[in-house]
Each structure stands twice: as C-alpha cells, then as structure tokens.
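Reader: Could you take me through one part of this model up close, strand by strand, and then show me what sits around it? I'd like one connected walk rather than a list.

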Amino acid sequence: MMRSRLHVPRPPARPGEKPDFSYVALSPAGAAARPDPNAPLNDTEFLSRELVRVLDDDHRAVGPWDPHLAAPDLELGLRHMMLTRVFDDRMHRAQRQGKITFYIKSTGEEAVSVAANMAMRPSDMLFPSYRNQGLQIARGRNIVDLMCQLLSNTRDMCKGRQLPVMYHSVEGNLFSISGNLATQFPQAVGWAMASAIKGEDHIAASWLGDGSTAEADFHYALLFAQIYKAPVILNVVNNQWAISTFQTFAGGEGRSFASRGPGYGMPGIRVDGNDFLAVYAVTQWAAERARMGAGPTLIEHVTYRAAPHSTSDDPSRYRPKDDYEHWPLGDPIERLKSHLIALGEWSDEHEKTLVKQCEEQVNQAWREAVTHGTLTDGPQLDPEIMFQDVFKEQTPSLARQRMQLAQELKERAQK
Amino acid sequence: MTQMNMIQALNSAMDVMMARDPGVVLMGEDVGYFGGVFRATEGLQRKYGEHRVLDSPIAEGGIVATAIGMSLNGLRPVAEIQFADYIYPAYDQIVSELARIRYRSGGDFCAPVTIRTPCGGGIRGGQTHSQSPEAIFAHVSGLKVVMPSNPYDAKGLLIAAIEEDDPVIFLEPKRLYNGPFDGDPNKPAVAWSSHPRGDVPEGHYRVDLGVAEIVRPGTQLTIITYGTMVHVCMAAAEKAGVDAEVIDLRSFVPLDIETIVSSVKKTGRCIVAHEATRFGGFGGEILSTVQEECFWHLEAPILRVAGWDTPYPHAFEWEYFPGQARVIAAIKATMEAS
C-alpha cells in the first residue's frame, strides 16, 4: 500500500563525508543561447534551467553571452574583486583580534557583486544584502568609510546604530542594508516603480540569498515587479547555504531558483556566479531589458559560500571542511585571472603587485579608520546621538529622555 | 466651508495634496478604478491617472514595501490597507524597515510614507474587521500614529501626515465615516451635516500631529479618549451630569502630554477610554503618564474603559463595545472615590 511520507531534505555531504556536487546541473561554457532581451517569455524560459557560462576550461571567453570586455575593464574587475577579498580577510582578522564585534565575508562570491555593478550605471539604485561588499568597493566607496562603519566610530555613517557591514551611501546610490532578510527586495521594486512613474531612465537592482527566497518579501517583489513591469533586476545569490540550512530547504531541490521567474511571468536566468564575464553579460541583458520598458528579470547566481556565514558561525559543524575545494565552478578571482593570462594581458608578476597594492591600501585605510576611534579606544561617539534621527525633529518625550541620559552619564563620570 | 462626511474629507485631503505635489501617489487594494471599498479614493484615478492612483495586489507586505521603495525615490506614497485587521502581513516592513530607515542610516535616508487604514468596530465586522491596533504601532519607535474623530480633523491631519517627512500610521475609525456615533446602535444614524466638525474647508489646511484637543471643557473630571469613543464619552458625560473635560488625543505619537497633564492637574480625576482591548492597550501609557506627572493632584484612582480582552465578537458586538453605560459607570466610580 502506498502511503504519504514526510520528505526532509538533506545536503549531499555532512562533516567527515566526501563532498558531492553532482546535484549542480552544469552546462558547457558558451552552450546557452542568448535571446533578445525583449523576447517573449517562452523564448527565454530555457535560461532558468541551463547555466549561462562564458569562460571555458581553457579560460577562453566563448559563446553568444561573451560581453567582449576590453582588457582594462577586465583588469578593473579583477582589481575590485581582489580588493574585496583582501578587505574581507583583513576585517575578519580584525574581528578575531577583538577590534570589531562582527563581520561577514563574501569570499568566493566577489563576481556576483563586482561584475553586476560594472554592467550597470552609477545612477542606478542598488539594494544590497549583507554579503555584497563588492558593490560598495566597485562603486568606489572609500574603504575608510566602510571601516569606520565596522568600528561604530565617530565617523560611522550609521552613527553607531547598526551592526557592522550594514553600510549605505546616498551619493553611491547604495541603500541602507537591513539585518532582516529579503526586506530590500520589494523595496527595490518600489524604487523602480517610482522611476517608471517619473519617466526616468534609472533602474534598480537587489540581492538576496537562496535561503531568503523563502520569505514572503521575495514573492511580493516578483509579483509587484512583474505586474507593473518595474525596471528592476532581482538577484538570488544561491551560495548553497543559509547559515547551516542547505538550499533545498528554500525549495532549491528539483527546480532552480531562477525558475521562480517564469512562474511569475518574467525571465529567470541561471548563471555561473563565479564566472565574471557571465555575470556581467546577464546583468547587462537584464539592464537593457529594464531600460527598454520590458520589465524585470530574476537572476540566480550559482555560487558557493566559501566563508562561514559570519564570524559567529562554524561551518565545520554542518558541512565537509574541504567542500569548497570540490566546488565545480571554481573561484571567481582565479578564473578571471586565468582568462587575463590566456589573453596575454596578465602574469604572476602583475598578480603579486596587485595583491600587494590591495594589502597596502587596506592596511593604510585601517590605520586611518582607527584614528577616528574604535569601540574601546580613541574618540567616542556621544551617546546622546542615539536620540537623533528617530524622527526628523526630536519629539518632546525623546528630548526628555535625552536629558535623563545626560544626567545619568554625568553622575557616572563623577563616580 | 463645505459639508463633508469623513470619507469626503479624506478624499479631499488626498485630492488637495495630489494637486499640490506631483510626488503624491496613492496605492492599495481596490483604490484605483473602483475608488476604494469605503470610497475614500473615489474619482482620484480618473483625475490624476492610473500611474498616480495604483490598484495593488492583495499583498499588504508588498504594498508597504513598494511604498517604502517609492518614497526612497522621491515620491510621497499614501498606501491604503483596506482594514487595519489586514495590516499584519506588512508588520515587518512597517516595524523593522519603515520606522527605522531614517535612524539606521544616520539620517541619510528617510521614508515619508503615510499608511491609511480603517479601524475600530461598530459596523458588525466581526473579529477580522473591527480591530484597533494603535498600541502596537505607537509602541514602535520611529512611527507617528494618529486617529481623527471627525471630518475636519481627518482632512487636516491627513494633509499634515502626507507632508510629514516621517512615516505616519493614519487610523480611521470607520464607524465615524458617515456620521458621529454616540455608542447607541438603536438610535437612528446621525449625519455629519448636523455636527460642527462636518464643516470642512475645501482647500489646504493642517491639523498638526501631536496636538490634542479639548472637545468639552470641564472642571470635575478629565476623560482622555480618541476616535469613536470621543462621541461616546461626550454623550456619557452629558448623561452623567458631571462637569467633565473630554480630551480628544488625535495623536498617539507624538503625544500631547501637556494638554493631558494640565487638565488632570485641574480636575484631579481621570478616566481613559478606548475601544481597543484593555490589556497592554494605549490607555496604559496614558495612565502611567498621568500617574507620573499628576500623582499629587489626583483625588481618585485613574480608571480605564476599554474593549474586553477578547477578540471582537460578531454576535456580541454591543456587549463588547465600551458604550455609554460602561463610561458612565466609570465616571460614577471615579466621582465617588475618596
């Protein structure tokens, strides 16, 4: 007799087991066709099942998605990714040394942010998640400013109110990062709707992880984006893991996350997230589509979270230690570097110089950032600042509380 | 001045603001072509176009989230949540996002969104069309929360809310849409045309947030209330034959503590009345403030009149509703104490 049986998904390998990525459906580089960005949905639906890849095993750019980027652009992309990685490593260490309370690395996912940003315009509005520091760096944000945020010091853009990594920049068109998941996705759609209402040419883009697609906000975003044909690019960074929760618990088993797109009536593209050129190409396609009024695109970046979820996480408790070494899509920095070498535009010497430059830049920035204070040393934020910006103007009751705190601090200082 | 009911006054407020500011857009379920289930947006899509008066999917979280996004891009959205009872899918976007965007970004970003939503009972709406959730929004730092009790205030407050650079939760006591209601469901309905506050200017004017109004001056007792209960308390005070001062709060955040405190210091007796459930209700906040500020002026314990701590039951609406009898009993108890 047949009976219903509860299916509880499992990752393919646990600690001590052999990594197994046979579940990741791959397409050869250059194999996926590139439809017109304005093509009917049926003519783009295959993109949600295949994997758009440009860089082949010989590190050559092949197929219709090759964006034909000039060598200086490729070098710039490599530089941004390298700086992101060096920055991540240094800040992770700063947390381990007790200089900052918390950090989140994006190791292995640098292309997802850097290539996407390079395929958009600086006037486009970005709604990042907490693992998109590549966007901040590729948009030319001063890394001293990023560090001051991490330190919650006197030059912290968030005035000491946000957990480290929750950056923002008005001039950089980078929206404030929330600690709650997926909330930025439908907000980006609203921003894009306003752009269309005003008849402007700017588009919006947002990012979230595979795990966050389980939130209702993900579905609101797709629904509203498609209904109003909002000029927005919605990115799912499928890095396989949401802390210890494998992507199958967000519904990644059987159907790709990209396939949610056609379900709502918009193209969904599954792209090799560790292939700089492929990420650039699909973002460019989606941006063109948005700007011509054809509507939103959902992009699933297939990648791997090489780092722990955060400095508070220990992935060796739930996945094989050597998992990332077996990840079939490699490392985004290594792959772009090999491509540049294959083009004759790069060498190990260049590489060494670049790493050194990035390290020097980061170290120098850190020395400058700490002069503005750390949580324990140097200049400190005035605690009364906590009563600002609750509202545009302080209400009488907040003013009273501010005075109460001032009195408390005065008494504390006298003791 | 024109005679308006509360719906017409709200409609006029949005009309005035849409004409003055091309950034004002309306959105919500049924608000566009149809003009809203309570008709508050009637005619506005025809007048301002479907780009500025948007029909939305039945997804309150999506409505509020996209309104936030629009506000970040220079618009001033007025989102309607069809019933306050439906607002909870949007609670995360309201509490964790809307309320905190200015704060968390160190003042660099702000989200001037107004959320209009009909609240309160008295229309046989049962437990999913009658709730009064003011306390759960007033408790959240970063939100301004208001509730008018008449057409004049409704229009002026809504204009002020739309002009605010901070987010505002604008609660509309739906039992008052068509006329003042003194709590007696057996009496024939009264129209706003018979009420002085049904006279509403046609153009732009503001009723500032954070300013309560003494709607009935008195010396013996202060009744602090808002929304539908303003009219119930006025009638109850009349019937009880007590020289009661009735304060219409109009605004929960910011709260007009000064008006409350000076009244209670004068009368020495105080009742707080609301339709919402009693436990954890906004009345508790008022009561604490009065106790802290006026303790040595008090002649009697402060009492609360409220809805029972049950969901709003369909069949027992008038047993649930804190009508005149419950208010009068509290008045007597307060007056007889000490």
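**The sheet in chain B**

Author: Let's start in the middle of things: strand β10 (residues 221-225) of chain B runs parallel to strand β11 (residues 244-248) of chain B, and 5 bridges join the two. If you want a spot to zoom in on, look at B:Ile224, which stands opposite B:Ile247 in β11(B). Bear in mind that this is a predicted model.

Now zoom out a little. β10(B) and β11(B) belong to an open sheet of 5 strands, and the order across it is β9-β11-β10-β13-β14 in chain B, with mixed pairing. At the edges sit β9 (213-216) and β14 (303-307) of chain B, each of which pairs on one side only. Direction ignored, neighbouring strands of this sheet are turned by 25° against each other on average.

What packs on this sheet? Helix α8 (residues 228-240) of chain B does, touching β9, β10, β11 and β13 (270-277) of chain B. The direction of α8(B) makes about 175° with that of β11(B).

Next, slide over to the β14 edge. β13(B) and β14(B) pair in the parallel sense, with 4 bridges between them. One pair to pick out there is B:Ala273, whose bridge partner in β14(B) is B:Val305. Between these strands you also get helix α10 (residues 282-294) of chain B: β13(B), α10(B) and β14(B) make a right-handed β-α-β unit. And here's a nice detail about that edge strand: 4 of the 5 residues of β14(B) are buried, so β14(B) is largely enclosed by the rest of the structure. For that count, buried means 20 or more other C-beta atoms within 10 Å of the residue's own.

So where does the sheet sit in the chain? Chain B is divided into domain 1 (2-200) and domain 2 (213-336). Taken over C-alpha atoms, the centres of the two domains of chain B are 25 Å apart. Their contact takes 30 residues from domain 1 of chain B and 28 residues from domain 2 of chain B. On the domain 1 side, α6 (134-138), β6 (144-146) and α7 (151-163) of chain B each supply at least two residues. That side divides into 13 nonpolar, 10 polar and 7 charged residues.

One more step outwards brings in chain A. The contact between the chains takes 38 residues from chain B and 36 residues from chain A. On the chain B side, α3 (60-72), α4 (91-97) and α5 (101-104) are the elements that give two or more residues. α3(B) makes up the largest share of that side, 9 residues. By class, the side of chain B that touches chain A has 17 nonpolar, 14 polar and 7 charged residues.

While you're over in chain A, have a look at strand β7 (residues 297-302): 6 of its 6 residues are buried, so β7(A) is largely enclosed by the rest of the structure. A:Thr297, A:Ile299 and A:His301 point one way from β7(A), while A:Leu298, A:Glu300 and A:Val302 point the other way. Strand β3 (residues 232-238) of chain A pairs with β7(A) in the parallel sense over 6 bridges, and A:Val236 stands opposite A:Glu300. Strand β6 (residues 268-272) of chain A also pairs in the parallel sense with β7(A), over 5 bridges. There, A:Asp272 has A:Val302 as its bridge partner. From β6(A) the chain crosses through helix α8 (residues 276-291) of chain A to β7(A), in a right-handed β-α-β crossover.

Methods
Residues numbered from 1 in each chain as written. Chains lettered and ligands numbered in written order. Predicted model: local features only at pLDDT ≥ 70, side-chain atom pairs only at ≥ 80, totals over all residues. Contact = placed C-beta atoms within 7 Å. Nonpolar A, V, L, I, M, F, W, Y, C, P; charged D, E, K, R; others polar. Pairing = 2+ DSSP bridges. Axes fitted to C-alpha atoms, helices over the stretch in contact; angles between N-to-C directions. Domains from an automatic or database assignment. Buried ≥ 20, exposed ≤ 12 C-beta atoms within 10 Å, placed from the backbone. Right-handed = clockwise from strand over helix to strand, strands pointing away.
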